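Visitor: I would like to go through this model with some care, beginning with how far it can be trusted and then turning to its sheets and helices. Could you take my questions one at a time?

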Amino acid sequence: MTTVRFSVLGPLTAVQDGTPVPVTVGKLRVLLATLLLRPNEAVPADLLAERLWGRRAPANPRKVLRTYVVRLRQTLDLRNVIVTMPDGYLARLRTDQLDLLRFRALLQEAGQAADPLTERRLLHEALALWRGPVCAGVASETLQQIDVPPLAELHVHTLERRIELDAGLGEHASLIAELQALTAEHPFRERLWAQLMTALYRTGRQAEALETYRTVFRLLQDELGITPNAELRRLHQAMLAQSPVDAPDDVSDPPAPVPPRQLPADVPAFVGRADELAALPVGTGDAAVTVTAIDGMPGVGKTALAVHAAHLLAPHHPGGQLYLNLRAHSQDDHPLDPADALDRLLRALGLPGEHVPDRLDDRATLYRSLLAERRVLVVLDDAADEAQVRPLLPGGGGCHVLITSRRRLSGLDVTHALSLDPLPTADAIILFTRTAGAGRVAGSPRHLLAAVVEHCGRLPLAIRVTAARLRSHPTWRLTHLLDRLGDPRQPLRAGQRSVTAALDLSYRNLDEPQRQAYRLLGLNPAADHAVGAAAALMDTHPVRTERLLEQLLDAHLIEEPAPGHYRFHHLVRAHATQAAATVNASERRAALARLLAHHARLASEGTQADGAIGFRRT
């Protein structure tokens, strides 16, 4: 039986039955590296495509991706290794087949070691697996920017712990050269500087230890505008006093900064989403960062879920909780620039404003450094896209990031993704009853309550606004409310107006081809839109049409109830119909004529209308 072994902790290599097998084609190397960096994990096709092509994907990326997978399987005989999943691929590997898996296994074993000597031996064995930068030579800018840094952070974190154990055995002299090289490579890792100062001091090189402090002081002051941390300052004072560095005399630390507690108030009487909450990862407990992305259409309750979940997760993050509204869909302001977002996060972590660096990269580096050894929960609400979020992700330290967005952030490497649907009817009725007040709907038949929440599309935003209107009008009865909701001439459509306002912002954030597609879909009288019918409306090639439909799907402006079929949520449909009213008369007539001609052509070919035309009514 063929055995293939891989290495990613350095240049990407593959060895089949003891013989190196070069993977020279650039795209195959990127594909293989992306799968190997997520061993035994289903990797979505969209994420693979983003690593392969970035923003320059081909017309049909999934088809090209399948071709690459076939070629990779043939190159290395990976039929039993690369497994096809419903929406992507999985590299099925044992610990002895991949150095990354072996490294993680040794770290786990070291963390459970009964004594420091065993832990030290295991960490030395784990670090010996590293042959250079992760996936060196793999030509994917996205992979190098997103996938490599967390592993590089884990590597340095492990080095720091191993050095600490070596120093505990008195091996200070042998550590000096290694620490000098490491501080040159990682100049902002203050723990490494502290270890170097300690090693110099304990080998009788006090002057060099003090000069090392002056070096790091100037570096941090000049590059980041900050002073060394408490550990370095304590070491410096102890060395000046010629005291033991592990027990300095008369050196007091400044008060520890108060961990930030920025979460908004929890949603009162939160309803439903039990499965989604149960699926949320609490955290890995190691040096990795956990990223949860919550997406869905306007008004579906993304922020409410994120805030409620954050309050549940807060006890697991003693380092504090950060909250930031990224304002992707603010009516009164522009989306928050990543540099401005980092400025706010750094200040929230206790950094004085005058010490915040000017450049985005420097702010991101300092932010990751401040969170490197703190378990902090970060809530990033209303994100525009991956580019806005990436600089705001911690590098490790067991942090957890909760992100909400109206778009699917498929290009972001997330630990857990949640796409929210409208509430089930039972939960929607509970939410309406609690918001309106149980006394206001006491004795009302369940079918009337169900009808009200269906008029609200089972969207929490619309339900809360409509229930609040009922509560504020003591003379109204549920039947009166229902009549008003069903009558477009009545002024009470508060819930729908709220969703419409939110949809206006989503529509505004589309580019013009996407807006055009949305308007033309609003002309279609059918409930569902098949690709062929949509192509006729838009007068575009089916491949281009499908791409536009997928973009509207990612923005949660349409749904996909079945492969190749798309439809509007009924509140979104009302908004799309209003947008369609702005299409000029001649363009509207031409679009509808193309749609009718499309159906006539299919009918003449004997095609079953419900199966192929996408004209099924619901």
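The questions and answers below go from confidence to sheets, helices and single residues.

Guide: This is a predicted model, in which local features need pLDDT of at least 70 and side-chain atom pairs count only at pLDDT 80 or more, while totals for chains, interfaces and linings use all residues. Residues are numbered from 1 along each chain as its sequence is written, and side-chain values use heavy atoms, with hydrogens and water left out.

Visitor: What is the mean pLDDT of the chain?
Guide: The term pLDDT stands for the predictor's confidence in each residue, from 0 to 100. In this chain 91% of the residues reach 70 or more, and the mean is 83.

Visitor: In which helix is confidence lowest?
Guide: Helices (H or I, at least four residues) and strands (E, at least two) are DSSP runs, numbered from the N terminus. Confidence is highest in strand β9 (residues 377-383), at a mean of 93, whereas at the other end, with a mean of 40, stands helix α28 (residues 609-613).

Visitor: Over residues 607-618, where pLDDT stays under 50, how many contacts beyond four places in sequence does the model have?
Guide: A contact means heavy atoms within 4.5 Å, and where pLDDT is low, the predicted coordinates should not be read in detail. Another stretch with pLDDT under 50, residues 247-256, has nine contacts beyond four places in sequence. For residues 607-618 the number is 30.

Visitor: Which strands are the edges of the open sheet with the order β1-β2-β3?
Guide: Two strands pair if DSSP finds at least two bridges between them. The pairing in this sheet of three strands is antiparallel, with four bridges joining β1 to strand β2 (residues 13-16) and two joining β2 to β3. The strands that pair on one side only are β1 (4-7) and β3 (19-20).

Visitor: Which residue of β2 stands opposite Val4?
Guide: Ser7 has Thr13 as its bridge partner in β2, and on the other side of β2, Val15 is partnered by Pro20 in β3. The residue that stands opposite Val4 is Gln16.

Visitor: Which side chains of β2 point to one face and are buried?
Guide: Buried means under 20% relative accessible area, exposed over 50%, and partly exposed in between (1.4 Å probe, protein chains only). In a regular strand the side chains alternate between the two faces of the sheet. Along β2, Thr13 and Val15 point to one face and are not buried, while the buried side chains on the other face are those of Ala14 and Gln16.

Visitor: Why is one side of β12 and of β13 left without a neighbour in the sheet?
Guide: The sheet is open and antiparallel, with its three strands in the order β12-β14-β13. One side of β12 (528-530) and of β13 (559-562) has no neighbour because these strands stand at the edges, each with a single partner strand.

Visitor: What angle does the direction of helix α24 (residues 531-538) make with that of β12?
Guide: Angles run from 0 to 180 degrees between N-to-C directions, and axes are lines fitted to C-alpha atoms, for helices over the stretch in contact. Helix α24 packs on the sheet and touches β12 and β14, its direction making with that of β12 an angle of about 85 degrees.

Visitor: How far apart are the axes of helix α8 (residues 172-185) and helix α9 (residues 190-202)?
Guide: Among the residues that meet are Ile176 and Leu179 in α8, and Leu192 and Trp193 in α9. The two helices pack at an angle of about 145 degrees, and the distance between their axes is 9 Å.

Visitor: Is Ala467 buried or exposed?
Guide: Ala467 is found in helix α20 (residues 460-471), and leaving out residues up to four places away in sequence, Ala467 touches Phe432, Thr435 and Ala436. Because its relative accessibility is 0%, Ala467 counts as buried.

Visitor: How far apart in space, C-alpha to C-alpha, are Val70 and Val245?
Guide: Val70 is found in helix α3 (residues 61-76), and is partly exposed, with a relative accessible area of 40%. Val70 and Val245 are 175 residues apart in sequence, and their C-alpha to C-alpha distance in space is 59 Å.
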